Amino acid sequence: MKHLFSLLALIPSTLAAPLLLSTHSTVYQSDGSAASALFELKAKEDIVIYGLDVNIASQSEQQVEVYTKPGKFSGHENDESSWTLVLNSTVVGQGTDKPTT
């Protein structure tokens, strides 16, 4: 089960070395009601997402997929053709309410 919630680290795409400018955190909700999270990110300049933690209750290997879409997600939640897969990875869950990187 995929749970996409937690941390974004943003850096300007023009920098050669990562420099942390900003983070955004959300509250982990361990009720298990969501298998995904959608959020919009507006940037004044080009950015790179440096990291993303997820909340996975299981402590076993789980598949995590991250998709992007230009513009707003509203109205496109169920339209697979609107989304681009940018990460498909297997991670070991760290347990309920613990960040999995």
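Start your tour by selecting Phe39: with a relative accessibility of 46%, Phe39 counts as partly exposed, because that value falls between the 20% and 50% cut-offs. You will find Phe39 in the loop that connects strand E2 (22-24) with strand E3 (47-49). Keep in mind as you go that this is a predicted model.

**The patch around Phe39**

Now add Leu41, Ile47 and Ile49 to your selection. Together with Phe39, these residues make a nonpolar surface patch of about 340 Å². Switch on the surface display to view the patch.

**The whole chain**

Zoom out for a moment and colour the chain by secondary structure. How many helices and how many strands does the protein chain have? There are 0 helices and 7 strands. Read from the N terminus, the elements follow the order β-β-β-β-β-β-β. The chain has 101 residues, and 25% of them count as buried.

**Strand E5**

Next, select residues 61-68, which form strand E5, and pick out Val64 within that strand. Is Val64 buried or exposed? Val64 is buried, because its relative accessible area of 7% is under 20%. Now add Thr90 and draw a distance between the two C-alpha atoms. Val64 and Thr90 are 26 residues apart in sequence, and their C-alpha atoms are 6.1 Å apart in space.

**Strand E6**

Move on to Leu85, which has its place in strand E6. Leu85 counts as partly exposed, with a relative accessibility of 42%. Add Val66 to the view as well. From C-alpha to C-alpha, Leu85 and Val66 are 6.0 Å apart, while 19 residues separate them in sequence.

**The largest pocket**

Stay here and turn to the open space. Rolling a probe the size of a water molecule over the atoms shows where empty space is left. The largest pocket has a volume of about 1,100 Å³. Which residues should you select to find its centre? Of the 36 residues that line the largest pocket, Ala37, Val66, Tyr67, Thr68 and Trp83 are the closest to its centre. Two elements, E5 and strand E6 (84-92), each give two or more residues to this lining. The largest share, 5 residues, comes from E5. Try colouring the lining by residue type: 20 of the lining residues are nonpolar, 8 are polar and 8 are charged.

**Gly51 and the chain's last number**

Now jump to Gly51, in the loop between E3 and strand E4 (54-55). Gly51 is partly exposed, with a relative accessible area of 26%. Add Thr101 and draw another distance. Gly51 and Thr101 lie 50 residues apart in sequence and 7.7 Å apart in space, C-alpha to C-alpha.

**Asp97**

Your final stop is Asp97, in the loop between E6 and strand E7 (99-100). Check its backbone angles in your viewer. Most residues other than glycine have a negative phi. Asp97, however, has a positive phi of about 65° although it is not a glycine. What about its exposure? Asp97 counts as partly exposed, because its relative accessibility of 37% sits between the 20% and 50% cut-offs.

How values were computed: Residues numbered from 1 in each chain as written. Predicted model: local features only at pLDDT ≥ 70, side-chain atom pairs only at ≥ 80, totals over all residues. Heavy atoms only, no water. Helix = DSSP H or I, 4+ residues; strand = E, 2+ residues; numbered from the N terminus. Buried < 20%, exposed > 50% of the residue type's maximum accessible area, 1.4 Å probe, protein only. Patch = residues over 30% accessible without salt bridge, like charges linked within 9 Å, V, L, I, M, F, W, Y side chains within 5 Å. Areas by Shrake-Rupley, 256 points an atom, 1.4 Å probe, with all protein chains shown as cover. Salt bridge = Lys/Arg side-chain N within 4 Å of Asp/Glu carboxyl O. 1 Å grid on protein atoms, 1.4 Å probe; cavity = no way out; pocket = protein on both sides within 12 Å on 5 of 7 lines; lining within 4 Å. Points joined across faces, edges and corners; volume = space filled by probe spheres on them. Nonpolar A, V, L, I, M, F, W, Y, C, P; charged D, E, K, R; others polar.
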